[in-house]
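This report goes through one protein model and its ligand. Please keep the sequence and the 3D view open while reading.

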Amino acid sequence: MLIDIIAGARPNFMKIAPIIRALKARQSSGSALRYRLVHTGQHYDPKLSDSFFEQLEIPQPDMNLEVGSGTHAEQTAAIMTRYERLLLHAPSALCLVVGDVTSTMACAIAAQKLRIPVAHVEGGIRSGDWTMPEEINRMVTDAITNWFFTTSEVANENLRRSGVSEDRIFFVGNTMIDTLLANLDRLQPPEFWDDLELTAQAYFVLTLHRPANVDAVGPFSNMLKAIGEGTRGAPVIFPVHPRAEKMLSELPEVPANIRLVEPQGYLQFNYLVRNAKAVITDSGGITEETTVMGVPCLTLRDNTERPETIDIGTNELIGTNPAALGPALQRLFDGQWKRGSIPDKWDGAAGERIVEDLERLLGGNSNRDSGAA
Ligand code: UD1
């Protein structure tokens with residue numbers, strides 16, 4: 001019972017770690033489930049990939065497809081071609097994909113065309129925004145997924161509305177939160193903590209990488225200016241994603257309180273988030289982590305596929321108009337930000353629930369199998 005676990009880009013790595021941990025635990029108590037970890041190579045920088053494997057103690061990939069950079073079509077084609085070759089040579093019983101990156105969609109297509117069933121962890125979420133490549137990836141992946149492991153009741157409802165039958169939906173919780181809860185005690189300050197004289201609650205964390213925010217000089221520059229002003233001189237720690245870095249050198253100026261740093265390791269980044277006054281971001285996954293850590297989060301997007309981070313958590317959609325940032329930060333400084341609570345089943349046990357379901361679905365319990373024989 002070989003399960004391919006697919007990971008390609010940074011936000012995938014924290015989602016696969018607890019699934020692998022739970023699979024290993026099951027194996028040592030007699031389960032016949034086996035896994036093969038396939039890294040597509042979509043993210044190849046050590047800071048976006050290797051450091052996560054080390055810090056989260058993820059085993060080395062069994063296979064690296066080494067696709068590297070390219071346009072969306074180029075990456076999709078390269079991943080499909082190379083993963084198909086692997087499957088033809090050594091098929092698996094299931095292709096398990098996580099999240100919404102290009103690797104997720106590409107591997108799901110390659111597997112399903114070879115009649116290998118697909119399981120999608122974090123299936124069913126939707127922003128409704130077709131300008132986001134991730135939304136296309138989610139829709140395509142879910143259209144050809146057999147089993148959905150979901151993070152929220154909203155995701156379940158989206159799937160039901162699109163005609164997915166109840167027996168294919170497994171509401172298991174959030175594997176990204178499994179990883180966060182498992183590592184809360186291990187978080188560590190980044191090297192620059194003392195040099196930048198950071199103190200808890202007295203700085204902000206900023207992440208920006210979406211094409212709409214960082215691919216053109218004007219919007220990127222105007223947003224940084226609004227962030228610099230709205231944060232009233234407090235340090236704003238900005239770990240720069242390679243995509244944003246390409247454009248940064250072309251900006252006329254970056255406000256002095258915005259401190260550019262390299263992409264951070266998992267333990268350092270979440271240490272920064274946990275102790276921040278607030279996080280300003282255009283990421284989706286980070287809004288889940290801030291919700292669980294109770295840190296105010298201002299999202300620079302017009303929509304979200306994770307509405308529970310707003311309805312239940314600490315997140316608020318500010319939009320992409322820099323003028324909206326000032327009033328929101330004013331409310332934060334006035335102590336008016338909502339406190340939020342934690343969504344159902346974001347409790348650290350999603351990985352175990354997934355493996356339990358997989359065992360039932362694939363018949364991977366060797367004791368039961370031998371009994372039946
Ligand atoms: C990808 C995901 C996005 C995720 C983000 C997190 C898709 C469609 N997008 O976006 O959902 O939130 O990762 O990081 O899958 N690059 C490097 N080094 C690397 C990887 C990329 O320099 O290791 C460069 C690429 O050459 C490219 C740019 O960074 O120019 C963007 O990388 P890409 O993988 O295309 O998408 P992301 O913007 O990182």
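The sections below cover the ligand site, the salt bridges and two buried residues of this predicted model.

## Ligand site

The ligand is surrounded by 21 residues, of which Q42, D45, S69, E134 and K246 come nearest. Sorted by class, this shell holds 6 nonpolar, 9 polar and 6 charged residues.

Three polar pairs involve oxygen atoms of the ligand. At Q42 a polar side-chain atom lies 2.8 Å from a ligand oxygen. At E134 a polar side-chain atom is 2.7 Å from an oxygen of the ligand. Y44 takes part through its backbone, where a polar atom is 2.8 Å from a ligand oxygen. On its own the ligand has 740 Å² of accessible area, and the protein covers 88% of this. Four elements each give two or more residues to the shell: α1 (10–28), α3 (72–89), α5 (133–143) and α10 (242–248).

## Salt bridges across the sequence

The model has 22 salt bridges. One of them pairs R26 with E359, with the closest N and O atoms 2.5 Å apart. R26 belongs to helix α1 and E359 to helix α15 (residues 350–362), so this pair ties together parts that are 333 residues apart in sequence. The two partners fall into separate accessibility classes under a cut-off that calls a residue buried under 20% relative accessible area. R26 is partly exposed because its relative accessibility is 26%, while E359 is buried because its relative accessible area is 7%.

K47 and E262 form another salt bridge, and here the closest N and O atoms are 3.2 Å apart. K47 sits in the loop between β2 (34–39) and α2 (50–55), and E262 in the loop between β10 (258–261) and α11 (266–275); the bridge therefore ties together parts that are 215 residues apart in sequence. K47 is partly exposed at 36% relative accessibility, and E262 is also partly exposed, with a relative accessible area of 49%.

## A pair within α15 and a network

D357 forms a salt bridge with R360, the closest N and O atoms lying 2.6 Å apart. Both residues are in helix α15, 3 residues apart, which is about one turn of the helix. D357 counts as buried because its relative accessibility is 13%.

Elsewhere, shared partners join salt bridges into one network made up of K15, D100, E122, E135, R138, E288, R301, E305 and R306.

## Two buried loop residues

S49 lies in the loop between β2 and α2. With 2% relative accessibility, S49 counts as buried. Apart from residues up to four places away in sequence, S49 touches F13, H39 and H43.

W346 is found in the loop between α14 (325–333) and α15, and W346 is buried, with a relative accessible area of 3%. Which residues are in contact with W346, leaving aside its neighbours within four places in sequence? They are T151, G173, N174, I177, L181, E288, T291, V292, E308 and T309. With T151 there is a polar contact: the side chain of W346 reaches the backbone oxygen of T151 at 2.9 Å. E288, one of the residues touching W346, is also a member of the salt-bridge network. As for another tryptophan, W130 is 216 residues from W346 along the chain, and their C-alpha atoms are separated by 28 Å.

How values were computed
Residues numbered from 1 in each chain as written. Predicted model: local features only at pLDDT ≥ 70, side-chain atom pairs only at ≥ 80, totals over all residues. Heavy atoms only, no water. Near = heavy atom within 4 Å. Polar contact = N/O pair within 3.5 Å; in protein donor to acceptor, adjacent residues only side chain to side chain. Areas by Shrake-Rupley, 256 points an atom, 1.4 Å probe, with all protein chains shown as cover. Nonpolar A, V, L, I, M, F, W, Y, C, P; charged D, E, K, R; others polar. Salt bridge = Lys/Arg side-chain N within 4 Å of Asp/Glu carboxyl O. Buried < 20%, exposed > 50% of the residue type's maximum accessible area, 1.4 Å probe, protein only. Contact = heavy atoms within 4.5 Å.
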